[in-house]
Amino acid sequence: AGSVGIGAGADVLVASHTTLARVGASADLRTRKDVSVIASGQEEILSIAAGLGVGGTVGVAGSTSVIVIDNTTEASTGIGSGVDADGTVRIAARDDTETDVIDGTLAAGFGAAGVGGAVAVVDLSKTTTAGVGAGATVNARGQGDTRVLALDGDSLDSRAAMAGLSIEADSSEDLFSVSAAGAGGFYAGVSGAVTVTSVDSDTTALIGSGALINQGASGSASQDVNVSARNRVELAAVTGSLGAGAVGAAGAVDVGTIRNDTSARIDDGAQVAAARDIQVNALSATDVDSVTVSAAGGLGGIAGAVAVYSVGSGLSAEQRDQLASDGGDFADANSYADDQATDDSLQSLLAGSDDARIRDAGDRAQTARNSAGISADLSAAATEGTTTRLGDATLVAGRHVDMDARQSVSATLTAG
């Protein structure tokens, strides 16, 4: 309060997680029943940042939420290892990520102007892998009562009971963001809200080169081999900006890229046998729902709302041009998001502490934040997408060999 009121809020998370379940290279594992090699990761993150600035003359407020996650989840048998089971062998890796970001700013300058800005940034990079290593041997006879519900390729969620060898990589990203800014002043109210989302999630299920699957090991009549990868993305973003004064100016920008690869494959030199079926499935679904609005009121009012998304690649030069204007704090949404993500004001504050541990925490946090720039991610090259692949391998099935690659994309973007 006073003649000038300044308020700011920031919430920043930079995290890296690795989850591994692995049969070591050259290991020899034998069992009369079943073998399970399972790696599972789950992240649920809520970020709330708010800024309020109220002054008798000028009010300035800003809020920033930044989430940067780098995850690796892997379940595998190592190079040259051996697994021999009379029952079922299950190798499964799964990682589920959910983020909820709420970012709000209100600025009011009763005598002159109010300026407010809100930025929400989510940068997600994931690798989820399940597989049999190169040159490894797996005998999964499928005897006994154990059954695994494996993806059967008919749809994204369709599963069927099976016995034998199941290899499954499964990942999901459920992202929700709200970024809102409001500003008002007697003469001018200027506000801007920016939401930036970058997702790069690679999900792979594989039988490695030279691997031997069920070679010389007779199995039950219902013995199957199933290699499946699945990825699901649900992204919802609401971005809003309001400016009011004699001159009101408001801008709202929502930009996102989803560059996910989902792959199921059998590599060169592998030999795979099943008494019944061999299935290779790659399945993915992407659902984007974006609402971007801005409004300005006064004797003169300027408002703009832009939503730009790309699925399967970064943004093209033309798309990036749509995010730039002639000037002002929000002239380039990408650069503005980078600046807010890497801002060092918190480090500067903690550097004045008498406690060396607090100073060290500030330094380490800033080092992590410096890697949070998102512009490079938004201009990255196209990805492979959703694929099944059979290399120069030998497959012998008593009934069917099925390879299915299915991808669905749904996007609803509303701007005004």
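**Cores, salt bridges and surface of the predicted model**

The largest nonpolar core of this predicted model has 34 residues. Val89, Ile91, Leu165, Ile167, Ile207 and Val225 have the most contacts inside this core. A second core, separate from the largest, has 15 residues. Ile45, Ala120, Leu235 and Ala237 are among them. Leu165 shows how the largest core draws on several parts of the sequence. Leaving aside residues up to four places away in sequence, Leu165 touches Val89, Ile91, Val138, Ala140 and Ile213. Leu165 also touches Asp224, Val225 and Asn226.

The chain as a whole gives the setting for these cores. It has 416 residues, and 49% of them count as buried. DSSP runs give 5 helices and 21 strands. Contacts often span long stretches of sequence. Among contacts between residues at least 6 apart in sequence, 84% join residues at least 24 apart. The accessible surface of the chain comes to about 17100 Å². Carbon and sulfur atoms account for 51% of that surface.

Polar residues are also found in the interior. Asp95 lies in strand E6, which covers residues 89-109. The relative accessibility of Asp95 is 2%, so Asp95 counts as buried. Its side chain makes a polar contact of 3.1 Å with the side chain of Thr97. Asp95 also has contacts beyond its sequence neighbours. Not counting residues up to four places away in sequence, Asp95 touches Gly41, Gln42, Glu43, Asn71 and Thr73. Lys126, Thr128, Asp170, Ser171 and Ser172 are touched as well.

Salt bridges in the chain number 18. One of the salt bridges joins the side chains of Asp28 and Arg30, with an N to O distance of 3.3 Å. Both partners lie on the exposed side of the cut-off. Asp28 has a relative accessible area of 54% and is therefore exposed. Arg30, at 61% relative accessibility, is exposed as well.

A salt bridge also forms between Asp84 and Arg141, whose closest N and O atoms are 2.7 Å apart. This pair links distant parts of the chain, with the two positions 57 residues apart in the numbering. Asp84 sits in strand E5 (residues 82-85). Arg141 is in the loop between strand E8 (137-140) and strand E9 (148-151). Both Asp84 and Arg141 are buried.

Asp277 and Arg399 form a further salt bridge, with their closest N and O atoms 2.6 Å apart. They too come from distant parts of the chain, 122 residues apart. Asp277 is in the loop between strand E16 (271-274) and strand E17 (278-297). Arg399 is in the loop between strand E20 (394-397) and strand E21 (401-415). The two partners fall into separate exposure classes. Asp277 has a relative accessible area of 9%, so Asp277 is buried. Arg399 has a relative accessible area of 47% and is partly exposed. Elsewhere, salt bridges with shared partners build one network. The network takes in Arg94, Asp96, Asp157, Asp170, Arg230 and Arg232. Asp170 is also one of the residues that Asp95 touches.

Two loop residues stand out for their backbone. Most residues other than glycine have a negative phi. Ser26 has a positive phi of about 70 degrees, although Ser26 is not a glycine. Ser26 is found in the loop between strand E1 (4-23) and strand E2 (28-31). Its relative accessibility is 59%, so Ser26 counts as exposed. Asn214, also not a glycine, has a positive phi near 55 degrees. Asn214 is in the loop between strand E12 (212-213) and strand E13 (223-244). The relative accessibility of Asn214 is 5%, and under 20% means buried. Ser26 is thus exposed, whereas Asn214 is buried.

Nonpolar side chains also appear on the surface. Leu52, Val54, Leu106 and Phe110 form a nonpolar patch there. Together these residues have about 410 Å² of accessible area. Leu106 is found in strand E6, the strand that also holds Asp95. Leu106 has a relative accessible area of 48% and is partly exposed. Strand E6 therefore carries both a buried residue, Asp95, and a partly exposed one, Leu106.

Technical notes:
Residues are numbered from 1 along each chain as its sequence is written. This is a predicted model: local features need pLDDT of at least 70, side-chain atom pairs count only at pLDDT 80 or more; totals for chains, interfaces and linings use all residues. Side-chain values use heavy atoms; hydrogens and water are left out. Patches are made of residues with over 30% relative accessible area and no salt bridge: like charges are joined within 9 Å, nonpolar side chains (Val, Leu, Ile, Met, Phe, Trp, Tyr) within 5 Å. Accessible areas come from the Shrake-Rupley method with a 1.4 Å probe; for residues, only the protein chains shown count as cover. A salt bridge is a side-chain nitrogen of Lys or Arg within 4 Å of a carboxyl oxygen of Asp or Glu. Helices (H or I, at least four residues) and strands (E, at least two) are DSSP runs, numbered from the N terminus. Buried means under 20% relative accessible area, exposed over 50%, partly exposed in between (1.4 Å probe, protein chains only). A polar contact is a pair of N or O atoms within 3.5 Å; within protein, one must be able to donate a hydrogen and the other to accept it, and residues adjacent in sequence count only if both atoms are side-chain atoms. Contact means heavy atoms within 4.5 Å. A nonpolar core is a set of buried Ala, Val, Leu, Ile, Met, Phe, Trp, Tyr and Cys residues joined through side-chain atoms within 4.5 Å.
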